[in-house]
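Please open the structure in your viewer and keep the sequence panel visible beside it. The tour below proceeds by selections, each followed by a description of what is found there.

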Amino acid sequence: VAARHLSTSQVNSDVNRVTVFGAGLMGAGIAQISAQANLKVTLCDVTDKALEVEWSGWTNPGSCSPLSSRTRQAKVTTRKIKPTDIDRNGLNIISKSVARVAKKKAPEDVEGFTQRVLANIETTTDTEKAVSNTDLVVEAIIENIKIKRDLFGYLDKKAPASTIFASNTSSLSITEIAEACSDARQANFAGLHFFNPVPAMKLVEVIKTDKTSEETFKTLYEITKKMGKVPVSCRDTPGFIVNRLLVPYMLEAIRMIERGDATAEDIDTAMKLGAGYPMGPFELLDFVGLDTTQYIADGWVEKAKDGAVPLELVTPPQVLKDLVKKGELGRKSGKGFYDYSDAKK
Ligand code: 3HC
């Protein structure tokens, strides 16, 4: 009750500066659409490598915690992204995507549009500085509750009291992440779940916990509209809306091929032409990443013990586990349910 009371006077509802943690695919996309909305963006990751070169994910989560000793010792850098860096830096992801957007939004001035968007983005490895003067933090780092809590617990002490904190987690509990912060901050804390590819997917799920203040929620709702997205609201439940429906659907598609009911190709064709989905479940599994899907399912098997989700819906099928074990993770590894080695799909 105290947290609710405090929050209404402390939230900064005029969001102009956004700090994004995690320079992977999702973080880069969130930084990009924020910059396109003319917000001032700081993109923060723990290494220059993650910020500057094409990034393939966190391979060793334990050592990547923003509070790990390796990170504390890491060289701190802050710099503006220059369009001339495009060929070699990993904002590569952003640059390529902005150019794609520019072709549609400003076909007569693709270069100028791209430069204006990039000029709104600064990168840094300095976690403390990244939040010293920001209105909104959006976290898109590895899906590991300990590392996320570690980050937010640290940021809580460094960011202004009025800064809103949001997590882009796709499957973890926002309440449990927020509990790493003070009561007052928990009122300024919510989920902000984007979809891949962020620049193209219109939806954002805005997740309220029992402690999220109405003002925080409204501010996030409005800012996502400014980012060109369509917000929907959901309680803090496993998978929120989309993943709660999508993940069991994709797992059942895998069970269908395990049972020999139909082939992956026929199931994909059926769902595209019979249900109007842009991708079939196996194309989508490869797109999302089989490791990510298994990770979500494994987490929910734990939650199923408390009755939060039905166990039979979320148990990862053997075929999924076997592919992940072989390192066949989907598009990002060149092979999953389909082979991408000669860019067939
Ligand atoms: N950057 C900028 N724009 C992009 C883009 C990118 N990375 N990717 C696609 N686009 C734009 C294109 O420019 C194009 O715009 P236009 O229609 O205005 O010209 C539009 O998106 C469609 O792209 P394409 O024509 O290249 O290709 P498709 O029509 O095949 O669409 C797709 C590609 C948008 C990826 C479509 O296949 C799709 O919607 N697939 C399903 C994706 C999905 O379900 N994502 C959610 C996954 S679940 C998730 O993210 C949750 C997580 O928590 C697990």
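The term pLDDT denotes the predictor's confidence in each residue, on a scale from 0 to 100. It applies here because this is a predicted model.

**Stop 1: the whole chain, coloured by confidence**

Select the protein chain and colour it by pLDDT. The mean is 86, and 84% of the residues reach 70 or more. Now select residues 53-90, where pLDDT stays under 50. In the model, this stretch has 59 contacts beyond four places in sequence. Select residues 1-9 next; there too pLDDT stays under 50, and the model has 18 contacts beyond four places in sequence. For the complex, the predictor gives an ipTM of 0.96 and a pTM of 0.87.

**Stop 2: the overall architecture**

Change to a cartoon display. The secondary structure of the protein chain comes to 18 helices and nine strands. Of its 345 residues, 45% count as buried. Among contacts between residues at least 6 apart in sequence, 70% join residues at least 24 apart.

**Stop 3: the two domains**

Colour residues 2-235 as domain 1 and residues 243-333 as domain 2, the two parts into which the protein chain is divided. Where they meet, six residues of domain 1 are in contact with seven residues of domain 2. On the side of domain 1 that touches domain 2, one residue is nonpolar, four are polar and one is charged.

**Stop 4: the ligand and its shell**

Select the ligand and display the residues around it. How many residues surround the ligand? There are 17, and the closest are Ser-97, Ser-170, Asn-196, Pro-199 and Ala-200. By class, the shell has ten nonpolar, five polar and two charged residues.

Select helix H6 (92-105) and helix H15 (281-288), each of which supplies at least two residues of the shell. The largest share, four residues, comes from H6. With the domain colours still shown, consider where the ligand shell lies. Domain 1 (2-235) and domain 2 (243-333) both give residues to the shell, so it lies between them.

**Stop 5: a cis peptide bond**

Asn-196, one of the residues closest to the ligand, leads to the next selection. Asn-196 and Pro-197 are joined by a cis peptide bond, with omega about 0 degrees. Pro-197 is located in the loop between strand E7 (189-194) and strand E8 (203-208). For context, most peptide bonds are trans.

**Stop 6: the nonpolar cores**

Select Val-20, Ile-30, Ala-31, Val-137, Val-138 and Ala-166. These are the residues with the most contacts inside the largest nonpolar core, which has 59 residues. Helix H2 (residues 25-36) gives the largest share of this core, six residues. Centre the view on Ala-31. Leaving aside neighbours within four places in sequence, Ala-31 is in contact with Val-20, Val-41, Leu-43, Ile-94 and Ile-121. A second, separate core has 23 residues, including Val-247, Phe-282, Ala-297 and Val-324.

**Stop 7: two residues with positive phi**

Most residues other than glycine have a negative phi. Select Asn-38, in the loop between H2 and strand E2 (40-44). Its phi is near 70 degrees, a positive value in a residue other than glycine. Is Asn-38 buried or exposed? Asn-38 is exposed, because 12 other C-beta atoms lie within 10 Å, and a residue with 12 or fewer is classed in this way.

Then select Phe-240, in the loop between strand E9 (230-235) and helix H13 (242-259). The phi of Phe-240 is near 55 degrees, again a positive value in a residue other than glycine. Phe-240 is buried, because 22 other C-beta atoms lie within 10 Å, and the cut-off for a buried residue is 20 or more.

**Stop 8: two distances to draw**

Select Glu-214, which lies in helix H12 (residues 214-226). Glu-214 is partly exposed, with 13 other C-beta atoms within 10 Å. Draw a line from its C-alpha to that of Leu-245: the two residues are 31 residues apart in sequence and 27 Å apart in space.

Finally, select Tyr-338, in the segment after helix H18 (318-325). Tyr-338 counts as partly exposed, with 18 C-beta neighbours inside 10 Å. A line from Tyr-338 to Ile-142 joins residues 196 apart in sequence and 25 Å apart in space, C-alpha to C-alpha.

Terms used: Residues are numbered from 1 along each chain as its sequence is written. This is a predicted model: local features need pLDDT of at least 70, side-chain atom pairs count only at pLDDT 80 or more; totals for chains, interfaces and linings use all residues. A nonpolar core is a set of buried Ala, Val, Leu, Ile, Met, Phe, Trp, Tyr and Cys residues joined through C-beta atoms within 7 Å. Two residues are in contact if their C-beta atoms, placed from the backbone, lie within 7 Å. A residue is near a molecule or strand if its C-beta atom, placed from the backbone, lies within 6 Å of it. Ala, Val, Leu, Ile, Met, Phe, Trp, Tyr, Cys and Pro count as nonpolar, Asp, Glu, Lys and Arg as charged, and the others, Gly among them, as polar. Domain bounds come from an automatic or database domain assignment.
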